[in-house]
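Subject: A structure for you to explore

Hello,

Here is the structure I promised to pass on to you. Please open it next to this email and follow along as you read.

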Amino acid sequence: MKLDHLIVRAPSPTDARALGEIWYDGELESLRESYPGRSTDEWFALPSVAWCEEYWDFHIPTPGVGSRIFVGEHLGRVLGFSHSGPPDEQDDRVGQLHSLYVRPDAWGTGVGTELLASAVDHLTEAGYPSAILWAVQGNLRSRSFYENRGWRADGHFMRARTGLPLVRYSLAL
Ligand SMILES: CC(C)(COP(=O)(O)OP(=O)(O)OC[C@H]1O[C@@H](n2cnc3c(N)ncnc32)[C@H](O)[C@@H]1OP(=O)(O)O)[C@@H](O)C(=O)NCCC(=O)NCCS
């Protein structure tokens with residue numbers, strides 16, 4: 001069910017804990033769903049919720065030059081976030097969606113769509129002609145989510161540090 005009164009805003013330092021939890025829970029739940037029966041430890045790179053919180057404690061005040069973080073809040077509860085900006089490597093002319101995570105109990109409520117739209121608007125306004133993102137190969141939920149919003153697998157693959165296979169998607173802006 002779509003949520004009324006969803007607010008998309010910039011994060012404040014006090015959001016670090018919520019973003020850490022959402023990142024950890026979203027990653028864990030999506031890996032469970034994507035690779036049923038497989039140990040999540042095998043591919044799960046994030047050591048703890050505390051580590052994820054510390055990451056955002058640092059990155060909320062310093063998201064990086066040209067980067068932006070968007071937070072989705074509903075009735076005072078943070079439900080998800082997106083992070084967009086310059087690419088991790090290589091072609092400076094491509095913007096990147098670095099992350100998009102929604103609390104598993106809020107999946108399917110339209111939060112991800114709003115946070116993706118804010119990130120894409122940011123990259124468009126920054127003047128990038130196109131954008132990329134890396135999706136987990138087995139994560140069919142997120143892959144169809146992006147495909148239904150115009151993103152296309154562009155033939156690039158890589159493995160995360162843990163060995164998790166990743167597929168690159170592109171979008172013309
Ligand atoms: C992928 C992810 C970000 C999507 O977020 P979300 O909030 O569930 O996304 P939405 O609710 O906006 O859209 C999801 C689906 O629900 C549907 N939906 C949206 N609002 C709806 C509503 N009111 N009623 C019913 N369905 C709805 C949409 O149609 C969409 O399906 P579609 O792609 O077939 O159109 C989320 O599942 C997530 O965080 N996953 C784990 C982390 C992850 O995989 N991130 C991506 C890393 S690459």
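Below I go through what turned up, starting at the ligand and moving on to the helices, the core and the strands. One thing to keep in mind throughout is that this is a predicted model.

**Around the ligand**

A good place to begin is the ligand, which is surrounded by 22 residues. The closest are Lys 2, Trp 107, Gly 112, Thr 113 and Ser 142. Two or more residues of this shell come from each of α1 (16–34), β4 (94–102), α4 (111–125), β5 (130–136) and α5 (140–147). Which element gives the largest share of the shell? That is α5, with four residues. Sorted by class, the shell holds nine nonpolar, eleven polar and two charged residues.

**Two helices to look at**

Next, try α4. Its 15 residues should span 21 Å at 1.5 Å a residue, and its end C-alpha atoms are indeed 21 Å apart, so the expected and the computed values agree. Many residues here are buried: Val 111, Gly 112, Glu 114, Leu 115, Leu 116, Ala 119, Val 120, His 122 and Leu 123. When you look for what covers the buried residues of α4, you will find, among others, β1 (6–9), β2 (68–74), β3 (77–85), β4, β5 and α5. Just after this helix, Gly 127 takes a positive phi of about 95°.

You can repeat the length check on α1. At 1.5 Å a residue, its 19 residues should span 27 Å, and the end C-alpha atoms are 27 Å apart, which agrees. The buried residues of α1 include Ala 16, Leu 19, Trp 23, Glu 27 and Leu 31. As you turn the helix, this may help: an α-helix has 3.6 residues a turn, so residues three or four places apart point the same way.

**The nonpolar core**

The largest nonpolar core has 36 residues, and those touching the most other members are Leu 19, Phe 81, Leu 115, Ala 119 and Ala 131. Two or more core residues come from each of α1, α3 (49–59), β2, β3, β4, α4, β5 and β7 (165–172). Have a look at Ala 131: leaving out residues up to four places away in sequence, Ala 131 touches Val 94, Gly 95, Gln 96, Leu 97, Val 120, Leu 123, Ser 170, Leu 171 and Leu 173.

**The strands**

Now follow the strands. β3 and β4 run antiparallel and are joined by six bridges; one such pair is Ser 82 with Leu 100 in β4. β4 and β5, in turn, run parallel and are joined by three bridges. Among the pairs there, Gly 95 is matched with Ala 131 in β5, and Gln 96 with Ile 132.

Are these strands enclosed or open? In β4, seven of the nine residues are buried, so this strand is largely enclosed by the rest of the structure. In β5, five of the seven residues are buried, so β5 is largely enclosed as well.

Finally, find Trp 134, which sits in strand β5. Is Trp 134 buried or partly exposed? Trp 134 has 19 C-beta neighbours inside 10 Å, and because a buried residue needs 20 or more, Trp 134 counts as partly exposed. Beyond its neighbours within four places in sequence, Trp 134 is in contact with Leu 166 and Arg 168. From Trp 134 to Ser 99 is 35 residues in sequence but 8.9 Å in space, C-alpha to C-alpha.

Enjoy looking around, and write back with any questions!

Best wishes

Terms used: Residues are numbered from 1 along each chain as its sequence is written. This is a predicted model: local features need pLDDT of at least 70, side-chain atom pairs count only at pLDDT 80 or more; totals for chains, interfaces and linings use all residues. A residue is near a molecule or strand if its C-beta atom, placed from the backbone, lies within 6 Å of it. Ala, Val, Leu, Ile, Met, Phe, Trp, Tyr, Cys and Pro count as nonpolar, Asp, Glu, Lys and Arg as charged, and the others, Gly among them, as polar. The expected span of a helix is 1.5 Å times one less than its number of residues. A residue is buried if 20 or more other C-beta atoms lie within 10 Å of its own, exposed if 12 or fewer, and partly exposed in between; C-beta atoms are placed from the backbone. Two residues are in contact if their C-beta atoms, placed from the backbone, lie within 7 Å. A nonpolar core is a set of buried Ala, Val, Leu, Ile, Met, Phe, Trp, Tyr and Cys residues joined through C-beta atoms within 7 Å. Two strands pair if DSSP finds at least two bridges between them.
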